[in-house]
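Biologist: Hello! Could you walk me through reading a new structure?

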Amino acid sequence: MAANGFIAVQGAVSGLDFLTGRSTSLEGEWQAKAAGGDPQPKTTYLMLLTQALTDAQTDMATLLGIEAAGTGYARQPVPWGAASTDSRQCATTDLVQFGPFSDATGLAAPVAGAALVTRMTSSAGQPTGLCLMAWNLASPITTQQNQALQLAVGALTMTLAVA
């Protein structure tokens, strides 16, 4: 699954605010998750998307409108490794699996991208979460009935470039 990624607007703002010691909306989101009873308040989740994104489309209202759907689909927690001081990069440390999808057509539409978000679900009565980073796939993936999508260890990376 070849993909190119970019940090979302909220992810960039939150990252810069964190690095400069400012209070952030990301911090507020983590606190809201903890208050809501989420067992791991700093867990991030990957949501699959049916359209490729631009930076201007990384708000949660847009993402919720293009999130993948189908029986067996749910956002998945992303296991991140510690950031390397040499490369200023962190990568996934375990397999991330979506599905298997039991609908006759798999997912309702091909998967064209993914977003790293702060909420496992976006239901009524709770915050929708924040989008931190997004990836567009090199080519969309169509799923079949009983198929699962898997991301290998290290398939997703985040790098903080320093000029």
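Biologist: How much area does the chain expose, and what share of it do carbon and sulfur atoms supply?

Modeller: The chain exposes about 8600 Å², and carbon and sulfur atoms supply 56% of that. Accessible areas come from the Shrake-Rupley method with a 1.4 Å probe, and for residues only the protein chains shown count as cover. Please keep in mind that this is a predicted model, where local features need pLDDT of at least 70, side-chain atom pairs count only at pLDDT 80 or more, and totals for chains, interfaces and linings use all residues. Residues are numbered from 1 along each chain as its sequence is written, and side-chain values use heavy atoms, leaving out hydrogens and water.

Biologist: How many helices and strands are there?

Modeller: Helices (H or I, at least four residues) and strands (E, at least two) are DSSP runs, numbered from the N terminus. Here there are three helices and nine strands, in the order β-α-α-β-α-β-β-β-β-β-β-β along the sequence.

Biologist: Which residues form the aromatic pair?

Modeller: Rings of Phe, Tyr and Trp (its six-membered ring) pair if their centres lie within 6.5 Å; planes under 30 degrees apart count as stacked, over 60 as edge-to-face and the rest as tilted. The structure holds one such pair: Tyr73 and Phe98 are stacked, 6.0 Å centre to centre with 10° between the planes. Tyr73 sits in the loop between α3 (60-66) and β3 (76-77), and Phe98 in strand β5 (residues 96-101), 25 residues apart.

Biologist: Are Tyr73 and Phe98 buried or exposed?

Modeller: Buried means under 20% relative accessible area, exposed over 50%, partly exposed in between (1.4 Å probe, protein chains only). Tyr73 has 14%, so Tyr73 is buried, and Phe98 is buried at 1%.
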